[in-house]
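The following exercises concern a single protein chain. Each task is followed by a solution that proceeds step by step.

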Amino acid sequence: MKKVTFVLAALALVGCQSSADMQKSIEQSTSPSEALKAAIVHDARDYLADPYSVRDAEISNVQRNPKTGIEWVCVKANAKNAMGGYTGRQTIEIDARGSVLVGNLPNSPACSNPSLKWQPFGELEALKNL
């Protein structure tokens, strides 16, 4: 039940942006900080079934919803599921306040926007080296 509430809250936060607001947010986006990337990598260890199998990882620039003050990034990666098979590249929206993660939304429609700016996320792939 807690997870459902969390997902609905995340949908409400991003859903507050109009198309024009979203495009403006993308244009004003910035590269994610090292602290934000580190927080995502840290939480991936608990979130993913096999965090040491991550490959083909990318992270988007940081967007900001001016109405809520929430910042968000999208992460794309391919990782193994609980059955041991690769799932194909999946996306997840990660909501944050600074470098504190406050929510996530798997397969968020916001992450499929073709205007998003992506960059390699080697820090997430480096989990396999631990």
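**Exercise 1. Fold outline and confidence**

Task: Establish the order of helices and strands along the chain, and state where the model is least and most confident.

Solution. Along the sequence, the elements follow the pattern α-α-α-β-β-β-β-β-β-α. The chain accordingly holds four helices and six strands. This is a predicted model, and confidence must therefore be read as pLDDT, the predictor's confidence in each residue on a scale from 0 to 100. The chain average is 86, and 87% of the residues score at least 70. Among the elements, helix α1 (residues 2-15) has the lowest mean pLDDT, 44, while strand β6 (residues 118-120) has the highest, 97. Over residues 1-15 the pLDDT is below 50, and this stretch has 15 contacts in the model beyond near neighbours in sequence.

Two totals complete the outline. Of the 130 residues in the chain, 39% are buried. Among contacts with a separation of 6 or more, 62% are accounted for by residues 24 or more positions apart.

**Exercise 2. The two sides of helix α2**

Task: Determine which residues of α2 are buried, and against which elements they pack.

Solution. The buried residues of α2 are Met22, Ser25 and Ile26. They lie on the same side of the helix, because they cover an arc of only 100° around its axis. On the other side of α2, Ala20 and Glu27 are exposed. The packing partners of the buried residues are β2 (63-64) and β3 (71-80).

Lysine 24 also belongs to helix α2 (residues 19-27). Its relative accessibility is 47%; the partly exposed class ends at 50%, so lysine 24 counts as partly exposed. The C-alpha atoms of lysine 24 and asparagine 65 are separated by 9.8 Å, although the two residues are 41 apart along the chain.

**Exercise 3. Salt bridges around glutamate 58**

Task: Trace the salt bridges of glutamate 58 and state which parts of the chain they connect.

Solution. The whole structure contains four salt bridges. One of them joins the side chains of lysine 76 and glutamate 58, at 3.7 Å from N to O. This pair links distant parts of the chain, with lysine 76 in strand β3 and glutamate 58 in strand β1 (residues 50-60), 18 residues apart. Lysine 76 has a relative accessible area of 19%; since the buried class requires a value under 20%, lysine 76 is buried.

Glutamate 58 also meets arginine 89 in a salt bridge, here at 2.7 Å from N to O. Because glutamate 58 lies in strand β1 and arginine 89 in the loop between β3 and β4 (90-97), the pair ties together parts that are 31 residues apart in sequence. Arginine 89 counts as partly exposed, at 39% relative accessibility.

**Exercise 4. A salt bridge within helix α3**

Task: Relate the salt bridge of lysine 37 and glutamate 34 to the positions of the two residues in helix α3.

Solution. The side chains of lysine 37 and glutamate 34 form a salt bridge at 3.8 Å, N to O. The two residues are separated by about one helical turn, because they are three residues apart in helix α3 (residues 34-47). Their accessibilities fall in separate classes: lysine 37 is buried, at 9%, whereas glutamate 34 is exposed, at 53%.

**Exercise 5. Charges over aromatic rings**

Task: Identify the charged residues that lie over aromatic faces, and count the aromatic pairs.

Solution. Arginine 55 lies over the face of tyrosine 86, at 3.6 Å from the ring centre. Lysine 76 lies over the face of tryptophan 118, at 4.3 Å from the ring centre. Lysine 76 is also the salt-bridge partner of glutamate 58. With ring centres required to lie within 6.5 Å, the count of aromatic pairs is zero.

**Exercise 6. Positive phi angles**

Task: Locate the residues aspartate 56 and asparagine 107, and comment on their phi angles.

Solution. Most residues other than glycine have a negative phi. Aspartate 56 has a positive phi, near 55°. Aspartate 56 lies in strand β1 and is partly exposed, with a relative accessible area of 39%. Asparagine 107 likewise has a positive phi near 55°. Its place is the loop between β5 (100-106) and β6.

Definitions and conventions:
Residues are numbered from 1 along each chain as its sequence is written. This is a predicted model: local features need pLDDT of at least 70, side-chain atom pairs count only at pLDDT 80 or more; totals for chains, interfaces and linings use all residues. Side-chain values use heavy atoms; hydrogens and water are left out. Buried means under 20% relative accessible area, exposed over 50%, partly exposed in between (1.4 Å probe, protein chains only). Contact means heavy atoms within 4.5 Å. The arc is that of the directions from the helix axis to the C-beta atoms. Rings of Phe, Tyr and Trp (its six-membered ring) pair if their centres lie within 6.5 Å; planes under 30 degrees apart count as stacked, over 60 as edge-to-face and the rest as tilted. A charge sits over a ring if NZ of Lys or CZ of Arg is within 6 Å of the ring centre and within 35 degrees of the ring normal.
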